[in-house]
Amino acid sequence: MDKPLQRTFLYKWKSNKDAFFTKSTVMINNYLTIAIRNILKRKIFSLINILGLATGMAICLLIVLFIKSETGFDSSQSKSDRIYRMVVDRKYPGRSTSYSFIPQSYASAIQQEIPGVEESVRIFNFIGGGSFQLKYEDKSFEETSALFADSNFFKVFNAEFLAGNPENALNKLNTMVLTETSARKYFGSAENAIGKVLQPEGNFLQPLEITAVCKDWPENSHFTFDMLLSTAGNNNFNDINYVNFAAHTYLLLNQNTNPGSVEAKMPNIIEKYAAGNIEQQFGISFKQFQDAGNGYHYYLQPLPKIHLISHLEGELKPNGSLTAIYIFGIVAFFIMLIACINFINLSTARSSERAKEVGIRKTFGSDKKMLITQFLTESAIISFIGMILSIGLVFLLIPLFNQISGKNLHLQNLFSIANILVLIAFTLFIGFIAGLYPAFVLSSFRPIQVLRGKFKSGSFGLALRNGLVIFQFAVSVILIICTIVVNSQMKYMTGEKLGFNKEHTIIIERADLLQDKTRAFKNELKKISGVENASGASALPGQPNYFGVSWQEKGSKEPMTGRGIIVDDQYLATLGLELSAGRFFSQDYPTDSLAVILNERAVNEMGLKDPVNTRVTTPEGIYNAPDGSQNIYTVIGVVKDFHYQSLHQPITPLVFTNSAKFRDETGLIAVRVKGNNFKSTVQEIENKWKEFIKDRNFHYSFLDKTIEAQYLSESRTQKIFTFFSSLAIFIACIGLLGLAAYTTQQRTREIGIRKVLGASVGSIVSMLSRDFLKLVALASLIAFPVAWMAMHKWLQDFTYRISIAWWMFISAAVVAILVAILTISFQAIKAANANPVKSLRTE
């Protein structure tokens with residue numbers, strides 16, 4: 001190509017390019033200008049759409065923050081993909097229970113026997129929901145978050161150390177690692193803590209030397225601690241035991257080691273090591289043990305999944321729910337869909353208004369593609385305004401949502417570059433989805449018919465709008481039913497049918513400090529006019545500190561494994577338990593120190609036809625005589641079964657032992673307080689405590705709150721469901737309000753004629769409301785089977801559960817209909833009261 005021709009070509013190419021970009025810029029500016037003009041022209045329509053989309057987007061953002069938090073547990077651990085927790089399904093005759101902790105000796109056995117295991121580490125929750133006191137000079141604090149751990153803890157789990165060496169921080173007996181917050185609490189800084197010694201109360205712990213300080217353990221972990229104590233050299237944690245559950249055990253697998261292959265080798269190892277303990281404790285072989293209906297199934301849980309998949313007995317913290325994640329994800333999707341439906345409904349309902357605009361623009365040369373682009377631009381702008389408003393709504397709602405969900409979510413988590421790009425893409429997507437159908441409908445109008453005034457809204461459009469309204473309210477009714485079922489199940493779990501009286505009962509903690517003054521203290525409490533009764537116990541319903549026991553009828557070789565509790569003679573009366581046979585402990589019978597009481601489940605599992613006066617034995621060392629020999633106990637009574645554990649678990653065998661055998665010393669005291677003057681009675685109880693224990697604060701809790709704490713995950717689900725159900729109905733009502741406004745506007749002349757002919761306000765309101773209420777009623781009928789299936793599946797997670805009753809469905813439908821009536825009535829009454837002369841002048 002010669003140079004003149006080349007210059008001509010380049011000039012034309014540049015001119016065409018400039019013209020293209022100029023034309024594109026003008027078109028984009030034109031689209032934006034017209035879109036903004038239309039949005040401002042129809043303020044009510046725009047406000048309803050923006051508010052609906054903003055609310056839907058805000059809910060989606062909140063749920064995304066919640067899901068991101070829930071699925072991010074233990075993500076701070078660099079080796080999380082190789083860390084597994086070893087847990088067990090323990091099979092008993094006729095039942096099974098799953099435990100998050102296992103016998104303490106398996107950690108080393110598994111590491112030795114299976115080559116793919118790089119490290120094994122154990123954690124012991126020795127406080128078990130209680131507390132202990134630590135002193136340094138004149139400072140004294142009550143500690144509630146402390147764990148024992150093996151010396152190799154920081155080889156498996158990583159932490160950022162501020163002082164000390166993680167390699168040897170837990171290598172010695174009576175050493176500990178503090179978190180930064182704990183170090184500052186005692187010593188002002190991390191550096192000042194190293195080498196200092198904290199003095200525990202009582203005799204169960206020796207003085208503890210601080211060897212290291214690490215950053216606070218992340219809250220989004222399935223276990224947390226303020227201090228970590230060493231198990232090194234402590235016989236309590238290192239005695240050989242392959243039967244009794246005590247240790248939360250974690251395995252660090254080698255790279256490329258298949259956890260399935262590790263699990264496959266476990267049964268042989270378990271039989272090899274457990275057989276000796278079983279023969280020693282129960283006097284039977286491992287095969288006889290299995291033949292009697294017993295067994296162990298050990299398996300591994302991936303560390304990142306523990307928070308969402310594990311709900312075993314003895315969890316270190318209440319875990320979340322994978323089911324809840326799926327449910328809330330689905331809820332977010334449908335609520336956003338409801339908001340988009342509002343946009344579609346209102347846009348198509350207004351088609352007659354915009355038909356003339358479309359006709360004129362098509363006459364002046366606009367093609368269908370240009371009109372679709374115009375309408376999608378309007379939708380995108382509304383979507384962007386909605387997103388900006390939704391961020392403001394999230395800012396306002398996040399404190400309330402944190403309170404409801406028990407989370408500590410922050411809005412700034414959304415503002416990384418990646419998240420901002422996702423938000424922009426999400427906004428464009430919502431604008432596209434919400435505006436796509438209206439854009440195609442509006443752009444397809446024929447200009448000749450429109451400009452001649454022959455345009456009529458098609459029956460398909462009306463059917464679509466009705467279908468979308470039905471869908472909106474069906475989703476709302478489903479959420480209402482789910483909320484009612486969840487609330488009813490929560491009420492059932494914490495209600496009156498637990499087998500004991502939980503009301504007006506406080507739990508005095510650290511009663512073990514009273515030692516031999518325990519009975520005297522309880523007698524003093526009973527003298528207080530507001531105290532009905534008081535009882536000492538090692539555990540109370542809803543608490544995890546029931547210890548494992550094995551009992552059998554004298555002469556039998558089939559053990560009954562269950563739970564044990566130490567109580568005094570007032571436990572039955574204080575909690576309102578019922579006897580089904582025999583009697584309870586009494587100070588009138590000195591021999592009751594060698595007596596036990598069983599619950600009905602224990603009687604059934606031991607096969608006792610006439611349990612009272614039956615002689616039973618146990619290998620548990622806690623019940624042995626001073627010379628170490630096994631004692632023989634007499635069953636003196638049978639207590640009716642009661643739910644001393646969560647309703648997630650079936651009632652298991654329970655054995656009551658008399659605290660008189662242990663000098664009446666118990667860790668807890670339950671006090672039943674009379675209904676009147678509760679506050680002053682508790683103050684009197686505190687004053688009595690201070691008379692007996694002068695250097696320790698008085699700590700108490702409520703029994704009913706302890707019961708409720710077992711269902712923390714369900715309680716959060718209940719509150720979140722209620723929260724989102726309310727917002728879903730609000731969004732649906734916004735759309736219904738706008739639709740009613742436009743429907744009323746289209747029938748303005750009809751309303752005027754009816755009023756001139758003598759129609760009453762009530763009849764006009766009824767006429768305008770009837771069609772919408774039919775849609776809501778139909779939506780309810782569609783929602784019923786869907787809600788039943790969803791809630792039936794959810795209830796299967798509970799051993800004891802409610803039945804889904806008919807009134808729950810009717811109540812949800814009535815709520816939806818009432819809300820719809822209130823929404824529609826606003827526009828209907830306004831139209832019915834309008835001057836008919838003005839109405840007739842509108843057309």
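**Asking the model why**

Modeller: Met606 is buried, with a relative accessible area of 14%.

Biologist: Why is Met606 called buried?

Modeller: The cut-offs are these: buried means under 20% relative accessible area, exposed over 50%, and partly exposed in between, using a 1.4 Å probe and protein chains only. Met606 has 14%, which is under 20%, so buried is the word. Before you ask, this is a predicted model, where local features need pLDDT of at least 70, side-chain atom pairs count only at pLDDT 80 or more, and totals for chains, interfaces and linings use all residues. Residues are numbered from 1 along each chain as its sequence is written, and side-chain values use heavy atoms, with hydrogens and water left out.

Biologist: Where is Met606 found?

Modeller: In helix α18 (residues 600-606). Helices (H or I, at least four residues) and strands (E, at least two) are DSSP runs, numbered from the N terminus. Met606 also sits 5.9 Å from Met560, C-alpha to C-alpha, though they are 46 residues apart in sequence.

Biologist: What makes Asn613 count as exposed and Pro650 as partly exposed?

Modeller: Asn613 has 57% relative accessibility, which is over 50%, so it counts as exposed. Pro650 has 27%, in between the two cut-offs, so partly exposed fits. Asn613 is in the loop between α18 and β21 (615-617), with a positive phi of about 75° although it is not a glycine. Pro650 belongs to the loop between β22 (632-639) and β23 (654-658); its C-alpha is 7.7 Å from that of Tyr800, 150 residues apart in sequence.

Biologist: And Arg510, buried or exposed?

Modeller: Buried: its 11% is under the 20% limit. Arg510 lies in the loop between β15 (505-508) and α16, and its phi is near 60°, again positive in a residue other than glycine.

Biologist: Over to the rings. How do you know that Phe153 and Phe223 form an edge-to-face pair?

Modeller: Rings of Phe, Tyr and Trp (its six-membered ring) pair if their centres lie within 6.5 Å; planes under 30 degrees apart count as stacked, over 60 as edge-to-face and the rest as tilted. The structure holds 48 aromatic pairs. In this one the centres are 6.3 Å apart and the planes meet at 70°, so both the pairing test and the edge-to-face test are passed. The pair links distant parts of the chain, 70 residues apart: Phe153 is in helix α4 (residues 153-156) and Phe223 in the loop between β11 (208-214) and β12 (227-230). Phe153 is buried at 0%, and Phe223 is buried at 1%.

Biologist: What makes Phe521 and Trp689 a pair, and of which kind?

Modeller: Their centres are 6.0 Å apart, within 6.5 Å, and their planes are at 80°, over 60, so the pair is edge-to-face. Phe521 is in helix α16 (residues 518-526) and Trp689 in helix α19 (residues 678-692), 168 residues apart. Both Phe521 and Trp689 are buried.

Biologist: Why say that Arg583 sits over the ring of Tyr589?

Modeller: A charge sits over a ring if NZ of Lys or CZ of Arg is within 6 Å of the ring centre and within 35 degrees of the ring normal. The charged end of Arg583 is 3.7 Å from the ring centre of Tyr589, so the distance part is met. Lys185 lies over the face of Phe141 too, at 5.0 Å from the ring centre.

Biologist: How many disulfides does the search find?

Modeller: It finds 0. Take Cys340: the nearest cysteine sulfur, that of Cys60, is 8.8 Å away. A disulfide is a pair of cysteine sulfur atoms within 2.5 Å, so Cys340 is in none. Cys340 is buried at 4%, and Cys214 is buried at 0%.

Biologist: Last one: what makes a space a cavity?

Modeller: On a 1 Å grid over the protein atoms alone, a cavity is a set of points where a 1.4 Å probe fits but cannot get out; lining residues have an atom within 4 Å of a point. Grid points are joined across faces, edges and corners, and a volume is the space filled by probe spheres set on the points. There are 3 cavities of 30 Å³ or more, and the second largest holds about 60 Å³. Its lining includes Tyr92, Glu313 and Gln645, while β2 (95-99) and β18 (560-567) are the elements that give two or more residues to it.

Terms used: 1 Å grid on protein atoms, 1.4 Å probe; cavity = no way out; pocket = protein on both sides within 12 Å on 5 of 7 lines; lining within 4 Å.
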